Amino acid sequence: MERDYIISWKAAGISLGLLLILATALVKPLGVSTQFVVSDAVVAHKVAPKYAESNTYLSKYGEKQDWGIGYGWVLVLGMFVGGGITSALLRKRQPEQDKGSMPPMWQERFGDSMTRRYVAAFGGGVLLLFGARLAGGCTSGHMIAGVPQLAISSFIFAVTAFGAAILMAKFLYRSGPEA
Amino acid sequence: MSTLIIGFFIGCAFGAILYLGGATSYRRILGTLRLKDMWIIKLMGTAIGVGTLGVYLLDLGGLANMSIKPAYVWGVAIGGIVFGIGWAISGFCPGTCVVGASEGKKDAMFTLLGGLVGALLFSMAYPYIEKGLIQNANFGSITLESVLGVSGIYLAMAMSAGLLGLIFFVLKDRYE
């Protein structure tokens with residue numbers, strides 16, 4: 001069988017665990033979802049400064065002095081750069097079915113419409129960040145970084161997020177295809 | 001300033017690992033959520049298993065910069081459910097949509113845009129839900145260590161061993 005991965009889950013999992021330890025030792029644990037609010041706050045402070053100042057949530061981020069851009073924000077910027085460089089260098093090694101904007105599994109279940117895929121991706125993104133901000137973290141902040149700190153909130157998040165995602169995935173693919 | 005440089009390089013490594021490990025792959029994410037291809041749960045479980053022991057070893061030496069998120073039960077649980085639904089629909093999470101966008105996946109770019117909108121909607125909703133979902137039933141920054149009154153390193157050793165054992169020796173790679 002043709003190799004259908006670039007590096008194994010073992011290699012990726014161990015490196016990710018070590019990276020978390022490094023980040024926790026040097027600055028603080030990993031996290032991503034807060035930076036969506038920081039980015040929003042930066043724009044909001046420019047476009048609608050009055051609203052941004054009066055909103056109790058936005059005003060906590062994107063302070064006028066530094067616009068809230070710090071360690072966390074450059075980390076997410078780094079993710080984009082690191083992912084971009086690696087994918088440019090190793091594109092040939094990436095399994096064919098993982099390339100492009102139309103996943104074959106989705107296509108088989110929901111058809112060829114790119115619009116449908118993009119609408120779902122967008123709507124899913126809205127729910128993702130609304131949920132992550134309500135919960136105070138996402139897969140990185142709560143699961144990868146929060147559970148290793150044995151935080152009770154992160155255990156609650158891991159169980160509810162995985163539970164809901166599994167039920168939703170089972171529902172979406174109730175009539176196949178094989179994964 | 002140096003914190004920013006460190007953050008940038010940690011981010012680069014994070015993005016590279018997610019790409020190389022297939023975490024931006026819809027096939028892998030949905031495979032795991034459909035409980036068929038266990039790749040992503042094994043990747044995450046391994047990271048958590050290694051990370052838990054490492055973080056508490058650091059803590060033992062007083063070197064861990066912990067950041068414990070507060071346990072406001074309703075907000076975290078409802079947020080987790082909303083997040084999970086979005087995860088299954090998009091096939092991305094907030095970190096992997098950034099990396100997916102960086103490799104040129106247009107669906108990931110739409111998830112990223114949706115995420116910015118979702119975070120803005122949450123900011124707008126915040127004043128109305130703060131009292132009921134975040135201040136209510138908020139137990140603060142509690143951990144398994146503080147709740148059980150057992151030293152964290154023992155719990156971490158037990159959890160790492162249990163989790164890694166489960167992932168390496170019990171869970172299969174695939175279920176039909």
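Helices here are DSSP runs of H or I with at least four residues, strands are runs of E with at least two, and both are numbered from the N terminus. This is a predicted model, in which local features need pLDDT of at least 70, side-chain atom pairs count only at pLDDT 80 or more, and totals for chains, interfaces and linings use all residues. Residues are numbered from 1 along each chain as its sequence is written, and chains are lettered from A and ligands numbered from 1 in the order in which they are written.

## The two chains

Chain A has 8 helices and 0 strands. Its pattern along the sequence is α-α-α-α-α-α-α-α. Chain B also has 8 helices and 0 strands. From its N terminus, the elements of chain B run α-α-α-α-α-α-α-α.

Two terms help with the table. A residue is buried if 20 or more other C-beta atoms lie within 10 Å of its own, exposed if 12 or fewer, and partly exposed in between, with C-beta atoms placed from the backbone. Two residues are in contact if their C-beta atoms, placed from the backbone, lie within 7 Å.

| Chain | C-alpha extent along principal axes | Residues counted as buried | Share of contacts (separation of 6 or more) between residues 24 or more positions apart |
|---|---|---|---|
| Chain A | roughly 55 × 40 × 35 Å | 54% of 179 residues | 53% |
| Chain B | about 45 × 45 × 45 Å | 56% of 176 residues | 64% |

## Where the chains meet

The contact takes 105 residues from chain A and 107 residues from chain B. Seen from chain A, the elements that each give two or more residues are α1 (9–26), α2 (34–47), α4 (71–90), α5 (104–110), α6 (114–135), α7 (139–144) and α8 (152–172). The largest share of this side, 18 residues, comes from α6(A). The side of chain A that touches chain B divides into 66 nonpolar, 32 polar and 7 charged residues. In this count Ala, Val, Leu, Ile, Met, Phe, Trp, Tyr, Cys and Pro are nonpolar, Asp, Glu, Lys and Arg are charged, and the others, Gly among them, are polar.

## Helix α6 of chain A

How many of the 22 residues of α6(A) are buried? The number is 16, so α6(A) is largely enclosed by the rest of the structure. Its length also fits expectation. The expected span of a helix is 1.5 Å times one less than its number of residues. For the 22 residues of α6(A) that gives 32 Å, and the end C-alpha atoms are 31 Å apart, which agrees. After α6(A) comes G136(A), with a positive phi near 90°.

## The nonpolar core

A nonpolar core is a set of buried Ala, Val, Leu, Ile, Met, Phe, Trp, Tyr and Cys residues joined through C-beta atoms within 7 Å. The largest one holds 107 residues, and L20(A), I144(A), A165(A) and I17(B) touch the most other members. The largest share of this core, 11 residues, comes from α6(A). Domain 1 (1–67 + 145–176) and domain 2 (69–142) of chain B both give residues to this core, so it lies between them.

I144(A) shows contacts on both chains. Neighbours within four places in sequence are left aside here. On chain A, I144(A) is in contact with L16(A), L20(A), L30(A) and T139(A). On chain B, its contacts are M44(B), A47(B), I48(B) and G51(B).

## The domains of chain B

Domain bounds come from an automatic or database domain assignment. Chain B is divided into domain 1 (1–67 + 145–176) and domain 2 (69–142). The C-alpha centres of these two domains lie 20 Å apart. Their contact takes 11 residues from domain 1 of chain B and 10 residues from domain 2 of chain B. On the domain 1 side, α1 (2–20), α2 and α7 of chain B each supply at least two residues. The largest share of that side, 4 residues, comes from α2(B). The domain 1 side divides into 8 nonpolar, 3 polar and no charged residues.

## Backbone exceptions

Most residues other than glycine have a negative phi, and most peptide bonds are trans. L35(B) is not a glycine, yet its phi is positive, about 60°. L35(B) lies in the loop between α2 (26–33) and α3 (39–60) of chain B. With 13 other C-beta atoms within 10 Å, L35(B) is partly exposed.

A137(B) also has a positive phi, near 50°. A137(B) sits in the loop between α6 (106–135) and α7 (144–148) of chain B. A137(B) counts as partly exposed, with 14 C-beta neighbours inside 10 Å.

Which peptide bond is cis? The bond from G176(A) to P177(A) is cis, with omega near 0°. P177(A) lies in the segment after α8 of chain A.
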